[in-house]
Every structure is written in structure tokens, then in C-alpha cells.
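Here is a friendly walk through one model, from a sheet to a core and a single residue. Please keep the viewer open as you read.

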Amino acid sequence: MRVSRLLTKTLREVPSEAETVSHHYLLRSGMVHQIAAGVYAYLPLGWKVLRKIENIIREELDSAGAQEIMMPVLQPLELWEKTQRHHAFGKALFTLTDRRDRTLCLGPTHEEVVTELVRHQVRSYRDLPLLIYQLQTKFRDEPRPRAGLMRVREFTMMDLYSFDTNEEALDISYQKMRKAYRNIYERCGLPTLEVEADSGAIGGKDSHEFMVITDTGEDEVIRCTTCEYAANVEKAESIKPAGERRSLEPVEEVATPGMKSIEEVADFLQVPRNRTMKAVFYSADGNLVFAAIRGDLDVNEIKLKNALKCTELQLASEQQVRLAGLVAGSASPVGLTGVKVVADDSITLGTNFVAGANRPDRHLLNVNYPRDFKVDIMQDIAATRAGYACPRCGHVLTSTRGVEVGHIFKLGTLFSNTLGAFFLDNEGRQQPIVMGCYGIGVGRLMAAAIEQNHDDQGIIWPAPLAPYQVYLCGIGMDKTEVATAADSLYEDLRANGVEVLYDDRAESPGIKFNDADLLGIPLRVVISPRTLKQQGAEVKRRNSKESQIMPLDDLIRQLKSWS
RNA sequence: CGGGGUGUAGCGCAGUAGGUCAGCGCGCAUGGUUUGGGACCAUGAGGUCGGAGGUUCGAGUCCUCUCACCCCGACCA
């Protein structure tokens with residue numbers, strides 16, 4: 001391609017909306033163009049990169065035995081009503097009405113459709129296992145699109161689904177996909193960290209995310225400084241430090257005038273925070289829920305949501321709290337009735353807690369579970385923070401940020417059961433197909449690759465993702481010998497299958513070099529009067545300062561060995 | 001959905017006690033001089049100042065409403 005004919009031009013100045021590096025360079029290099037919030041057009045260079053990524057994905061999945069299909073964007077809402085996931089997605093689901101007044105949605109993902117599809121194709125255990133995938137545009141009406149391609153409302157996603165006869169077979173598929181994913185990221189030149197992930201109220205047991213570690217990442221990753229443990233903060237666990245164990249004292253009510261927060265109460269009563277009990281009120285699908293946790297810890301709302309198996313969870317409004325007769329600042333599960341209580345297991349780590357008296361300005365001393373109160377659910381609902389102890393090895397945990405570029409789940413039989421995807425096993429019994437799903441956001445991966453590979457001058461594409469391998473630069477194009485030599489080298493490179501972007505413009509060297517750097521093409525080849533004097537061309541890697549003159553008559557052979 | 005911010009030429013911006021305020025830089029076009037890290041000179045094209053109402057003799061500037069976009073948070077199977 002000749003730069004003079006290229007649709008896009010590089011921008012010297014950055015559109016002011018760009019905050020992150022990838023957004024900045026994507027716009028400035030002319031790879032994408034924003035059409036609306038979270039909606040982008042891919043321009044020639046960006047589209048080439050996207051297709052490179054897609055093809056790497058295809059090759060790796062195909063070689064793992066997967067089969068590519070294409071499913072529709074447009075999906076009947078009925079299908080989503082069957083699984084009730086239209087509620088789980090809520091407003092993020094784009095819906096529309098057709099001329100017959102039927103409601104359709106733009107698929108945010110394809111579990112329903114693929115299950116519906118497979119249920120018609122699979123009869124017997126002999127048809128399994130299956131790995132089916134597609135590269136398709138997804139639509140999600142995100143509350144807040146952001147950071148260029150990082151979080152958008154319309155995006156290309158590779159989504160793969162596995163179908164197996166049982167959990168053991170699912171695990172084989174799952175491990176196969178983990179391997180395929182590692183290969184994909186490796187070929188993309190993108191180091192990723194595999195972390196344990198939350199699978200949501202709907203998900204199954206195992207779930208992992210593939211994270212690119214970068215400060216601009218949206219997700220927080222908790223990892224151990226010593227062992228291999230790494231998890232999304234949504235899911236991360238820790239060993240909670242045990243509090244003091246003493247013999248149980250009788251409950252005693254004391255006055256705590258004006259003391260409401262844990263800090264105030266603990267200071268006032270001269271007890272450590274880990275001997276207090278914190279109360280947090282939530283509204284779970286509209287019902288009031290009481291969460292109890294040791295005072296030195298915080299509630300992880302994702303864990304709480306999963307414990308409650310609810311779809312909507314937010315802090316309860318003041319009004320809700322008041323109507324339930326709870327006393328904010330002095331609430332506890334002791335003597336509480338009519339409200340669901342979820343407790344973090346930390347309230348069993350220690351004795352003789354300070355808790356609210358459910359009366360204004362009063363607290364209780366020496367509250368102990370289960371002597372003094374009952375709970376409906378007791379499990380880990382605590383937020384894990386950097387500095388806590390690793391659940392595996394006990395060493396200290398740290399926190400970093402990451403971009404989620406892949407997510408894999410074991411779904412189990414949820415979709416097959418509700419949508420009726422069954423097979424007959426080798427004893428003729430009907431069984432639900434055991435499923436898994438595996439997604440990669442292609443545009444986001446591209447953005448993450450830029451976050452990870454750039455300098456002050458621009459992008460430094462890993463060669464497998466680069467839109468072109470060679471940036472051919474003619475300096476002094478008004479001189480016939482330069483133009484002729486550059487033109488003929490361009491034709492030679494193309495004839496030899498080298499992906500070459502030819503800067504044939506009558507621009508100054510500075511402009512061309514800067515554009516070459518901005519676009520991040522791995523190799524820059526310069527033809528100028530200076531190089532022609534040596535019957536050669538200057539070759540330079542994007543990621544290196546050194547250049548060298550290579551003889552024109554042997555250039556193509558040498559270039560191939562260089563890249 | 002809460003909080004904050006921005007909309008003036010393709011991009012970046014200036015212009016707001018209401019009165020030659022339709023401007024600058026970059027980019028673009030034409031001509032010329034330049035050519036190894038974003039050159040220079042000259043000439044030129046390009047904007048219903050996001051939109052709708054209103055106040056006023058007069059609105060880019062003030063008021064009301066509205067739309068779009070960005071940032072923080074909430075949210076993100």
C-alpha cells in the first residue's frame with residue numbers, strides 16, 4: 001500500500017478525548033475512528049491488525065479441534081426469557097421491536113443461541129465432545145464506555161463453547177482451551193497472567209481470566225508475592241487473621257453516645273477493630289439483607305451477591321433501613337427478626353465482640369456466635385486487600401491492575417437443562433450436555449497490545465500483529481533515482497510477499513520518520529540519495545536505535561532473515 | 001444513575017462585566033524555495049459558534065430547556 005493512497009492520515013495533535021495511551025495512539029495513527037460513545041469504525045490499518053489477531057485466534061482454535069461457525073446478532077428475546085438472563089443483563093441488553101411487534105435483542109453473547117443450535121444437532125454421546133466458536137460483533141449497552149477500545153458498546157468477540165458428556169470431559173476441554181489461550185497470547189506477543197475469576201451467580205465452578213498487567217487496567221488483581229496464587233479482587237480470598245480467643249463472657253449493654261462508625265465505637269470502648277462487628281444493609285432484588293462482618297474487614301459485594309444468588313444488589317436506602325426498624329450505627333443481628341442475615345466467617349474468628357444493640361446510642365459487649373444470634377448464610381463475603389495473607393501459602397498478597405483480555409468459564413448444565421440440550425449416554429439415558437464458554441475481546445486485546453508495546457514516539461507492534469511488516473520510506477522523492485529505486489523496491493517486496501507500506505509522499509524526512517514510528521511498523525527501510533550512493537537501503541527496527549545499510553540486490557533475502 | 005467537565009473550521013485551542021470577536025496554531029489547496037527526525041515564504045478555501053426557545057436595539061457571550069461527548073464513581077453474565 002502506498003501511504004499517498006491510504007485512507008487515513010496521521011494526526012499531529014491528539015483529539016482531546018484520548019486519555020489512555022492506547023486510545024491516544026489508535027486515534028493519532030488513524031487506526032480507528034469514533035462514531036458514537038463506545039462505537040468505533042476500524043480504518044484500514046486498525047482493521048488489518050484486528051484481522052491479524054483474529055487469524056491467530058482461528059489458527060490456534062482450529063488446531064485445538066474447534067469448529068468455526070457464525071451465529072446471528074439478532075436474537076429473539078424469548079430465548080433470553082427462557083434462561084432469565086435478560087434480567088441478569090438488564091439495561092446492558094440492546095433490544096428492539098420488529099414490524100410484527102416481537103421483541104428482539106442484539107446479542108451481548110451467544111450461550112442461548114449456541115445451546116439452541118447444538119440441541120438440534122447433538123443426539124448421542126457419540127456426537128461429543130464439541131468445540132464451537134465464532135468471531136462476531138457483540139452489543140452491550142455499557143453504562144459507561146471508556147478508554148477507547150477498552151470498554152465499548154459494539155465489539156468483536158471470539159466466543160467459543162464446549163459441549164461434553166460429563167464434568168471430567170468438560171475439564172479436558174477446559175484445559176485444552178487454557179492451553180490454546182496461552183498460545184494465542186504468546187503469539188500476539190502479549191504476556192498475560194491467568195487469574196481465578198468470579199463466575200457470577202449464573203456461572204459454574206471454575207473460571208479464569210487472562211489479564212494483561214498494566215496500570216491503566218480496569219480490573220484489580222490480587223497476587224501472592226511468593227506462590228502462584230492470583231485472582232481477580234472480585235474473587236480473591238485470604239487467610240483472615242484470627243482474633244483473640246477467650247472464654248465467653250455474658251452479654252452486656254453499654255451506652256455509646258453518638259458513636260456510629262466502627263472507628264468511633266472501637267476507640268470509645270477501647271477495643272481493637274477486629275473485636276467489633278460491622279453491620280451493612282443491602283437491597284438484594286428489592287429485599288433488605290443484613291450483612292455482618294468483623295469490624296476490620298469490608299464486604300465484597302460480588303461475593304455477597306453470589307451468596308444471595310440475587311441479580312441486583314446495592315446498598316439499602318435510608319428509607320428501607322428505617323422501614324425495617326434497623327438502627328443505623330447501632331445495628332446487629334442479635335435479636336433481629338424478619339431480615340435475612342448473611343455473615344462473613346470472620347465473625348467466628350475471635351470472641352466477645354462489640355456489636356450494635358439495635359437501639360440508638362447503645363452497643364453490646366461480649367457478643368458471640370452462635371450463642372447470641374443466628375444467621376441465614378455464613379460464608380466468606382470479605383473483600384481481600386493488598387497486605388492480607390495468601391490463602392495458599394500465607395505469604396503477603398499484593399495488588400496490581402490488569403486488562404481482562406480473555407475469560408473462560410465452566411458453565412455446567414445450566415443452559416442445557418433450561419433450553420433442553422440433552423444427549424443419550426451409552427446406557428441410553430438422557431443427560432444434559434455439560435458446557436463451558438470461552439471469550440476473547442479482540443479489539444480490547446489490540447488496545448492492550450498497545451498499552452504494553454509503545455514508546456514516546458508511538459506504537460511498537462509485535463510483528464505478528466503489525467498491519468505491515470515493512471515501512472518503506474523514500475527520502476527525496478523528487479529525485480528520479482530515488483523515486484525509481486524506491487518504486488522498484490516496493491514492487492519487489494510485494495512480489496516477494498512482504499507486507500509493505502510505501503511512504504511515497506513528497507514529505508520531509510522528519511514527517512516520514514515520525515509517521516513510521518507512530519504507526520509502529522516493525523521494520524523501516526529508507527531509500528535516499530545517501531543510501532543509493534552505497535547501492536543500498538537503510539534498515540532499522542522500530543524497537544532499536546541502530547540502523548544498517550543493506551545492499552539493494554540482496555535486500556529482500558536479508559529482510560526476511562531479519563524479521 | 002450520582003458527581004465533575006467540554007461543545008467555536010478536519011484537529012488543538014483563544015475569544016464571555018452583551019456592541020468590527022468570526023480569530024490563532026496545525027492540517028488542507030495553489031505557486032515557489034527546501035529535503036536524514038514534524039522546513040520556509042506567498043496566496044487561498046473552510047465555521048448557521050452543538051441544538052431549540054427566550055431576554056435585548058443588538059447574543060459565541062445572559063437565561064431556560066435539550067442533545068452529544070469526556071472524566072470519577074456506581075455498574076460491567
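Gly 356 finds its bridge partner in strand E19, namely His 363. This is a predicted model, so please read the geometry in that light. E18 and E19 run antiparallel and are joined by three bridges. Together with E13 they make an open sheet of three strands, ordered E13-E19-E18, with antiparallel pairing. Which strands stand at the edges? They are E13 and E18; each has a single partner strand, so one side of each is left without a neighbour in the sheet. On average, neighbouring strands here are turned by 35° against each other, direction ignored.

| Strand | Residues |
|---|---|
| E13 | 252-255 |
| E18 | 353-356 |
| E19 | 362-367 |

Now for the nonpolar interior. The largest nonpolar core has 66 residues, and Met 31, Ile 53, Met 446 and Trp 461 are among those with the most contacts inside it. Domain 1 (14-188 + 414-450) and domain 3 (468-562) each supply at least three residues to this core. Another core lies apart from it, with 26 residues that include Val 114 and Phe 415. Back in the largest core, the contacts of Met 446 beyond four places in sequence include Met 31, Ile 53, Leu 149 and Trp 461.

Finally, a look at Thr 531, which sits in helix H14 (residues 529-532). Is Thr 531 buried or exposed? Its relative accessibility is 4%, so Thr 531 counts as buried. Beyond four places in sequence, Thr 531 touches Val 526, Gly 536, Ala 537, Glu 538 and Ile 549. Gln 558 lies 27 residues from Thr 531 along the chain, and their C-alpha atoms are separated by 16 Å.

Conventions: Residues numbered from 1 in each chain as written. Chains lettered and ligands numbered in written order. Predicted model: local features only at pLDDT ≥ 70, side-chain atom pairs only at ≥ 80, totals over all residues. Heavy atoms only, no water. Core = buried A, V, L, I, M, F, W, Y, C linked by side-chain atoms within 4.5 Å. Buried < 20%, exposed > 50% of the residue type's maximum accessible area, 1.4 Å probe, protein only. Domains from an automatic or database assignment. Contact = heavy atoms within 4.5 Å. Helix = DSSP H or I, 4+ residues; strand = E, 2+ residues; numbered from the N terminus. Pairing = 2+ DSSP bridges. Axes fitted to C-alpha atoms, helices over the stretch in contact; angles between N-to-C directions.
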